[in-house]
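Okay, thanks for making time, everyone. I'd like to walk you through one structure today, so let me put it up on the screen.

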Amino acid sequence: MVIMGIQKPAWLEALYTQKFFVGCCYHETAKKNEKNVYCLDCCVSICPHCIPSHRFHRLLQVRRYVYHDVVRLEDLQKLIDCSNVQAYTINSAKVVFIKKRPQNRQFKGAVNYCTSCDRSLQEPYIHCSLGCKVDFLLKHYKDLSPFLRKCKTLTLSPDFLIPQETGEEEMANETAQSTIVDSDEPMSWSSSGSESMSMSMAYSSDQIVRKKRSGLYLWRSSASRVSDEDIASSMSRRKGIPHRSPLC
């Protein structure tokens, strides 16, 4: 978008236009499908079920405060200068509003007012939201580049949880891939065949462990091998012949 010859970054413009806390059209039947994450690389809002497809992208968590969209100040400062923007505290974290919140001047004793929407503010802040500061910078400085910051990586906070259904689906795919063994020779029930079978069972018995780091599931395999004796004993077991009860 071009305003007075000044072009906003694509991620900043899309952050204003994207809708959050609405159902995801790709996961309509899934639980917890509200869009509360913003992908800076794709410039779209996504739900927690979409995160595996964007796991290597820069992700920004969007929160809800008094019916308005907010983001953590710590995350936003990595993208743009947020000085003089009034922050609020929710759940022990400072957040700032994304869009403007127009308000008539109702407090006569207030000293500071927002430069764009006339909302009363605390000292020394002069902007009530990110949108108000961006408009102020474009109006007075004609350029946003001095206030933008380079950010190559941006991950979700550690307290962000992905729904369990997504993790289980990923685990199933990983397990299915780990059980595939490429071989040019046909399988046989000889001693060499039992060795190859034990190797494949060792692969299939690998445990895929889930870890939460920056809100994303990480996968790793643990080397839990099955001994040849256990395989042989399990193959040699036979079910007992059922016996009828004697007739009276």
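I'll go through the cores, then the strands, then a couple of individual residues, and finish with the aromatic rings.

One thing up front: this is a predicted model, so please keep that in mind as we go.

Let's start with the packing. The largest nonpolar core has 28 residues, and the ones that touch the most other members are Trp-11, Tyr-38, Leu-76, Leu-130 and Val-134. Where does this core get at least two residues at a time? From helix H1, residues 10-17, from strand S5, 59-65, from helix H2, 73-76, and from H3. H1 gives the most, with five residues.

Take Leu-76 from that list. If you skip residues up to four places away in sequence, Leu-76 touches Val-71, Cys-82, Val-96 and Leu-130. There's also another core lying apart, made of eleven residues, including Ile-46, Cys-47, Ile-51 and Leu-59.

While we're on H3: that helix covers residues 130-140, and its buried residues are Leu-130, Gly-131, Cys-132, Lys-133, Val-134, Leu-137 and Leu-138. So yes, there's a lysine in that buried set, Lys-133. After H3 comes Lys-142, with a positive phi near 65°.

Okay, strands. Look at S8, residues 93-97. Four of its five residues are buried, so S8 is largely enclosed by the rest of the structure. What does S8 pair with? S6, residues 68-72, runs antiparallel to S8 and is joined to it by three bridges; Val-71, for one, has Val-96 as its bridge partner. S7, residues 88-90, also pairs with S8 in the antiparallel sense, again over three bridges, and there Ile-90 is partnered with Ala-93. The S7 and S8 hairpin has two residues between the strands, and Asn-91 has a positive phi near 55°.

Now, an arginine. Arg-72 is in strand S6. Is it buried or exposed? Arg-72 counts as buried, because its relative accessibility is 16% and the cut-off is under 20%. Outside its sequence neighbours within four places, Arg-72 is in contact with Arg-63, Ala-93, Lys-94, Val-95 and Ser-157. Yes, Arg-63 and Lys-94 are both on that contact list.

Next, Cys-151, which is in the loop between H3 and helix H4, 164-178. Cys-151 is buried too, at 12% relative accessible area. Cys-151 is in contact with Arg-58, Lys-78 and Leu-79, again leaving out neighbours within four places. With Leu-79, the C-alpha to C-alpha distance is 6.1 Å, although the two are 72 residues apart in sequence.

Last bit: the rings. The count comes to five aromatic pairs. Phe-20 and Tyr-38 are edge-to-face, 6.2 Å centre to centre with 70° between the planes. That pair links distant parts of the chain, with Phe-20 in the loop between H1 and strand S3, Tyr-38 in S3 itself, and 18 residues separating them. Phe-20 is buried at 6%, and Tyr-38 is buried at 0%.

Then there's Tyr-65 with Tyr-88, a tilted pair at 6.1 Å and 40°. Tyr-65 belongs to S5 and Tyr-88 to S7, 23 residues apart. Tyr-65 is partly exposed, at 25% relative accessible area. Ring pairs also bring in Phe-97, giving a cluster of Tyr-65, Tyr-88 and Phe-97. And over the ring of Phe-97 sits the charged end of Arg-101, 3.6 Å from the ring centre.

That's my tour, happy to take questions.

Technical notes. Residues numbered from 1 in each chain as written. Predicted model: local features only at pLDDT ≥ 70, side-chain atom pairs only at ≥ 80, totals over all residues. Heavy atoms only, no water. Buried < 20%, exposed > 50% of the residue type's maximum accessible area, 1.4 Å probe, protein only. Core = buried A, V, L, I, M, F, W, Y, C linked by side-chain atoms within 4.5 Å. Contact = heavy atoms within 4.5 Å. Pairing = 2+ DSSP bridges. Phe/Tyr/Trp six-rings, centres within 6.5 Å; stacked < 30°, edge-to-face > 60°. Lys NZ or Arg CZ within 6 Å of the ring centre and 35° of its normal.
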